[in-house]
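Work through the exercises below with the model open beside you. Try each task before reading its solution.

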Amino acid sequence: MGGDAAGPVPSEQHDFSLWEKRVDALMVTASAKGHFTVDGLRRVLEDMGPEAFETMTYYERWIMSVNQNLIEAGVYTTAELATRMTEVAARGNSYGEASNG
Amino acid sequence: MAERRYFRVRADMPPGHVRTPSYLRGKTGWVERTLGPFPNPEELAYGHKGTPLPLMRLRFTMGEVWGTGTDNPNDTIDAEIYANWLEPASSPHAP
(Lines give C-alpha, C1' and ligand atoms only; values in the text may rest on other atoms or scores of the structure.)
Protein backbone atom coordinates (compact mmCIF):
# COMPACT_ATOMS: atom_id res chain seq x y z
CA MET A 1 0.00 0.00 0.00
CA GLY A 2 1.42 3.34 -1.02
CA GLY A 3 4.67 1.65 -1.96
CA ASP A 4 5.25 0.41 1.59
CA ALA A 5 6.27 -3.16 2.31
CA ALA A 6 3.19 -5.23 3.16
CA GLY A 7 4.40 -8.81 3.51
CA PRO A 8 3.26 -11.82 1.52
CA VAL A 9 -0.10 -11.79 -0.25
CA PRO A 10 -2.49 -14.44 1.15
CA SER A 11 -3.63 -16.56 -1.79
CA GLU A 12 -6.29 -18.69 -0.15
CA GLN A 13 -9.88 -17.94 -1.08
CA HIS A 14 -12.71 -17.66 1.42
CA ASP A 15 -16.45 -17.69 1.15
CA PHE A 16 -18.21 -14.41 1.81
CA SER A 17 -20.62 -14.19 4.68
CA LEU A 18 -24.21 -13.04 4.24
CA TRP A 19 -23.58 -9.55 5.59
CA GLU A 20 -20.65 -9.08 3.21
CA LYS A 21 -22.82 -10.04 0.24
CA ARG A 22 -25.44 -7.57 1.48
CA VAL A 23 -22.87 -4.77 1.65
CA ASP A 24 -21.89 -5.51 -1.94
CA ALA A 25 -25.54 -5.52 -3.00
CA LEU A 26 -26.13 -2.25 -1.15
CA MET A 27 -23.31 -0.60 -3.11
CA VAL A 28 -24.80 -1.83 -6.40
CA THR A 29 -28.28 -0.63 -5.43
CA ALA A 30 -27.14 2.76 -4.14
CA SER A 31 -25.09 3.53 -7.24
CA ALA A 32 -27.86 2.30 -9.57
CA LYS A 33 -30.22 4.73 -7.84
CA GLY A 34 -27.72 7.54 -8.43
CA HIS A 35 -26.96 8.30 -4.79
CA PHE A 36 -23.21 8.13 -5.36
CA THR A 37 -20.61 6.54 -7.61
CA VAL A 38 -17.65 4.24 -7.16
CA ASP A 39 -15.55 7.42 -7.06
CA GLY A 40 -17.26 8.41 -3.81
CA LEU A 41 -16.70 4.91 -2.45
CA ARG A 42 -12.99 5.17 -3.22
CA ARG A 43 -12.71 8.67 -1.76
CA VAL A 44 -13.93 7.62 1.68
CA LEU A 45 -11.91 4.38 1.64
CA GLU A 46 -8.72 6.28 0.84
CA ASP A 47 -9.47 9.03 3.38
CA MET A 48 -9.56 6.39 6.15
CA GLY A 49 -5.78 6.26 6.14
CA PRO A 50 -3.38 3.34 6.38
CA GLU A 51 -4.49 2.20 9.85
CA ALA A 52 -7.96 1.25 8.59
CA PHE A 53 -6.37 -1.18 6.17
CA GLU A 54 -4.60 -2.89 9.07
CA THR A 55 -7.54 -3.06 11.47
CA MET A 56 -10.68 -3.46 9.34
CA THR A 57 -11.72 -6.11 6.84
CA TYR A 58 -12.53 -5.30 3.23
CA TYR A 59 -16.30 -5.12 3.65
CA GLU A 60 -16.05 -3.41 7.03
CA ARG A 61 -14.33 -0.58 5.17
CA TRP A 62 -16.92 -0.77 2.40
CA ILE A 63 -19.95 -0.42 4.69
CA MET A 64 -18.29 2.51 6.44
CA SER A 65 -17.78 4.21 3.07
CA VAL A 66 -21.24 3.32 1.72
CA ASN A 67 -22.80 4.70 4.90
CA GLN A 68 -20.80 7.94 4.71
CA ASN A 69 -21.79 8.45 1.08
CA LEU A 70 -25.47 7.72 1.73
CA ILE A 71 -25.54 10.26 4.57
CA GLU A 72 -23.81 12.84 2.36
CA ALA A 73 -26.35 12.14 -0.40
CA GLY A 74 -29.18 12.83 2.05
CA VAL A 75 -30.68 9.34 1.88
CA TYR A 76 -30.93 9.25 5.69
CA THR A 77 -29.56 11.12 8.66
CA THR A 78 -27.22 9.80 11.34
CA ALA A 79 -30.09 10.06 13.85
CA GLU A 80 -32.34 7.94 11.61
CA LEU A 81 -29.54 5.41 11.23
CA ALA A 82 -29.12 5.24 15.00
CA THR A 83 -32.84 4.65 15.51
CA ARG A 84 -32.89 1.91 12.90
CA MET A 85 -29.78 0.19 14.30
CA THR A 86 -31.34 0.14 17.76
CA GLU A 87 -34.54 -1.38 16.39
CA VAL A 88 -32.69 -4.10 14.52
CA ALA A 89 -30.39 -4.88 17.44
CA ALA A 90 -33.41 -5.30 19.72
CA ARG A 91 -34.69 -8.19 17.59
CA GLY A 92 -31.80 -10.47 18.52
CA ASN A 93 -28.32 -11.50 17.52
CA SER A 94 -29.01 -14.10 14.84
CA TYR A 95 -29.93 -13.50 11.22
CA GLY A 96 -33.14 -15.44 11.87
CA GLU A 97 -34.19 -13.24 14.76
CA ALA A 98 -33.20 -10.05 12.95
CA SER A 99 -35.22 -11.05 9.87
CA ASN A 100 -38.45 -11.31 11.83
CA GLY A 101 -38.81 -7.61 12.59
CA MET B 1 7.34 5.82 -35.85
CA ALA B 2 5.39 8.96 -35.05
CA GLU B 3 7.12 11.49 -32.86
CA ARG B 4 6.49 10.92 -29.17
CA ARG B 5 4.41 13.45 -27.29
CA TYR B 6 5.75 13.88 -23.77
CA PHE B 7 3.82 15.00 -20.72
CA ARG B 8 4.96 15.61 -17.16
CA VAL B 9 2.59 14.58 -14.39
CA ARG B 10 2.05 17.48 -12.00
CA ALA B 11 4.07 17.05 -8.81
CA ASP B 12 1.33 18.51 -6.57
CA MET B 13 0.21 16.74 -3.40
CA PRO B 14 -3.13 18.34 -2.46
CA PRO B 15 -5.33 16.90 0.29
CA GLY B 16 -8.55 15.21 -0.80
CA HIS B 17 -9.40 12.61 -3.40
CA VAL B 18 -6.81 12.44 -6.17
CA ARG B 19 -6.85 9.74 -8.84
CA THR B 20 -3.27 10.31 -10.02
CA PRO B 21 -0.80 7.84 -8.46
CA SER B 22 1.68 9.52 -6.10
CA TYR B 23 4.64 7.59 -7.47
CA LEU B 24 4.10 9.08 -10.92
CA ARG B 25 3.77 12.70 -9.84
CA GLY B 26 6.62 14.76 -11.24
CA LYS B 27 7.51 12.02 -13.74
CA THR B 28 7.53 12.39 -17.51
CA GLY B 29 6.09 9.88 -19.96
CA TRP B 30 4.87 9.75 -23.53
CA VAL B 31 1.41 9.24 -24.95
CA GLU B 32 0.62 5.60 -25.71
CA ARG B 33 -2.94 6.54 -26.66
CA THR B 34 -5.61 9.08 -25.88
CA LEU B 35 -8.85 7.93 -24.24
CA GLY B 36 -12.07 9.55 -23.13
CA PRO B 37 -13.34 12.09 -22.54
CA PHE B 38 -14.49 10.76 -19.19
CA PRO B 39 -16.04 12.68 -16.28
CA ASN B 40 -13.45 13.94 -13.81
CA PRO B 41 -13.38 11.31 -11.02
CA GLU B 42 -12.11 13.89 -8.53
CA GLU B 43 -15.44 15.74 -8.89
CA LEU B 44 -17.56 12.57 -9.01
CA ALA B 45 -15.96 11.51 -5.72
CA TYR B 46 -17.65 14.45 -3.95
CA GLY B 47 -21.04 13.97 -5.58
CA HIS B 48 -20.54 16.62 -8.27
CA LYS B 49 -21.18 16.25 -11.98
CA GLY B 50 -17.81 15.38 -13.47
CA THR B 51 -16.36 17.73 -16.09
CA PRO B 52 -15.46 15.67 -19.18
CA LEU B 53 -11.69 15.40 -19.51
CA PRO B 54 -9.36 13.62 -21.91
CA LEU B 55 -7.67 10.61 -20.35
CA MET B 56 -4.14 9.91 -21.52
CA ARG B 57 -2.53 6.51 -21.37
CA LEU B 58 1.11 7.45 -20.74
CA ARG B 59 4.11 5.16 -20.90
CA PHE B 60 6.94 5.69 -18.43
CA THR B 61 10.29 3.95 -18.25
CA MET B 62 11.18 2.27 -14.96
CA GLY B 63 14.33 4.37 -14.99
CA GLU B 64 12.19 7.51 -15.02
CA VAL B 65 9.88 6.28 -12.25
CA TRP B 66 12.35 4.58 -9.89
CA GLY B 67 15.70 6.03 -10.92
CA THR B 68 18.47 4.75 -13.13
CA GLY B 69 19.66 2.31 -10.45
CA THR B 70 16.53 0.20 -10.81
CA ASP B 71 16.87 -3.38 -12.08
CA ASN B 72 15.42 -2.95 -15.57
CA PRO B 73 15.41 0.77 -16.34
CA ASN B 74 14.20 0.26 -19.92
CA ASP B 75 11.10 -1.68 -18.92
CA THR B 76 7.97 0.43 -19.06
CA ILE B 77 4.76 0.94 -17.16
CA ASP B 78 1.54 2.39 -18.59
CA ALA B 79 -0.79 4.53 -16.52
CA GLU B 80 -3.96 6.42 -17.44
CA ILE B 81 -3.84 10.02 -16.20
CA TYR B 82 -6.50 12.71 -16.59
CA ALA B 83 -5.49 15.74 -18.63
CA ASN B 84 -5.85 18.18 -15.71
CA TRP B 85 -2.83 16.49 -14.09
CA LEU B 86 -0.58 16.81 -17.13
CA GLU B 87 1.64 19.53 -18.50
CA PRO B 88 3.44 19.34 -21.85
CA ALA B 89 7.08 18.38 -21.58
CA SER B 90 9.87 18.29 -24.11
CA SER B 91 12.20 15.90 -22.39
CA PRO B 92 11.71 12.29 -21.27
CA HIS B 93 13.20 13.12 -17.87
CA ALA B 94 11.69 15.07 -15.02
CA PRO B 95 13.60 18.31 -14.42
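The exercises go from chain A to the contact between the chains and then to chain B; the model is a predicted one.

**Exercise 1. Set out the make-up of chain A.**

Step 1. Count the elements. Chain A has six helices and zero strands. Read from the N terminus, the order is α-α-α-α-α-α.

Step 2. Take the dimensions. The C-alpha trace of chain A spans about 45 × 30 × 25 Å along its principal axes.

Step 3. Check burial. Of the 101 residues in chain A, 10% are buried.

Step 4. Check the range of the contacts. Take contacts in chain A between residues at least 6 apart in sequence: 57% of them join residues at least 24 apart.

**Exercise 2. Test the length of helix α5 of chain A against the expected span.**

Step 1. Get the expected value. Helix α5 covers residues 78–91 of chain A, 14 residues, and at 1.5 Å a residue it should span 20 Å. The count of steps is one less than the number of residues.

Step 2. Compare. The end C-alpha atoms of α5(A) are 20 Å apart, which agrees.

Step 3. Look at the surroundings. The count of buried residues in α5(A) is zero, so by the cut-off none of its residues has 20 or more other C-beta atoms within 10 Å.

Step 4. Look past the end. A:Gly92, just after α5(A), has a positive phi of about 140°.

Step 5. Repeat for helix α1 of chain A, residues 18–32. Its 15 residues reach 21 Å from first C-alpha to last, close to the 21 Å expected. Just after α1(A), A:Gly34 takes a positive phi of about 85°.

**Exercise 3. Classify A:Arg42 as buried, partly exposed or exposed.**

Step 1. Place the residue. A:Arg42 is in helix α2 of chain A.

Step 2. Count neighbours. A:Arg42 has 16 other C-beta atoms within 10 Å.

Step 3. Apply the cut-offs. Buried needs 20 or more and exposed needs 12 or fewer. A:Arg42 is therefore partly exposed.

Step 4. Add a distance. A:Ala79 is 37 residues from A:Arg42 in sequence and 25 Å away in space, C-alpha to C-alpha.

**Exercise 4. Describe the contact between the chains.**

Step 1. Count both sides. Chain A puts 10 residues in contact with seven residues of chain B.

Step 2. Find the main contributor. Helix α2 (residues 38–47) of chain A supplies the largest share of the chain A side, five residues.

Step 3. Sort by class. The chain A side has two nonpolar, three polar and five charged residues.

**Exercise 5. Lay out the sheet of chain B and find its edges.**

Step 1. Write the order. The open sheet has five strands, β4-β3-β2-β1-β5, with antiparallel pairing.

Step 2. Find the edges. β4 (76–82) and β5 (86–89) of chain B each have a single partner strand, so one side of each has no neighbour in the sheet.

Step 3. Add the twist. Neighbouring strands of this sheet are turned by 40° against each other on average, direction ignored.

Step 4. Inspect one pair. β3(B), residues 52–61, pairs with β4(B) over seven bridges. B:Leu55 has B:Tyr82 in β4(B) as its bridge partner.

**Exercise 6. Identify the largest nonpolar core.**

Step 1. List members. The core has 10 residues, among them B:Val9, B:Met56, B:Phe60, B:Trp85 and B:Leu86.

Step 2. Assign elements. β3 and β4 of chain B give two or more residues to this core. β3(B) gives the most, three residues.

Step 3. Follow one member. Beyond four places in sequence, B:Leu86 is in contact with B:Phe7, B:Val9, B:Met56 and B:Ile81.

Definitions and conventions: Residues are numbered from 1 along each chain as its sequence is written. Chains are lettered from A and ligands numbered from 1 in the order in which they are written. This is a predicted model: local features need pLDDT of at least 70, side-chain atom pairs count only at pLDDT 80 or more; totals for chains, interfaces and linings use all residues. Helices (H or I, at least four residues) and strands (E, at least two) are DSSP runs, numbered from the N terminus. Two strands pair if DSSP finds at least two bridges between them. Axes are lines fitted to C-alpha atoms, for helices over the stretch in contact, and angles run from 0 to 180 degrees between N-to-C directions. Two residues are in contact if their C-beta atoms, placed from the backbone, lie within 7 Å. Ala, Val, Leu, Ile, Met, Phe, Trp, Tyr, Cys and Pro count as nonpolar, Asp, Glu, Lys and Arg as charged, and the others, Gly among them, as polar. A nonpolar core is a set of buried Ala, Val, Leu, Ile, Met, Phe, Trp, Tyr and Cys residues joined through C-beta atoms within 7 Å.
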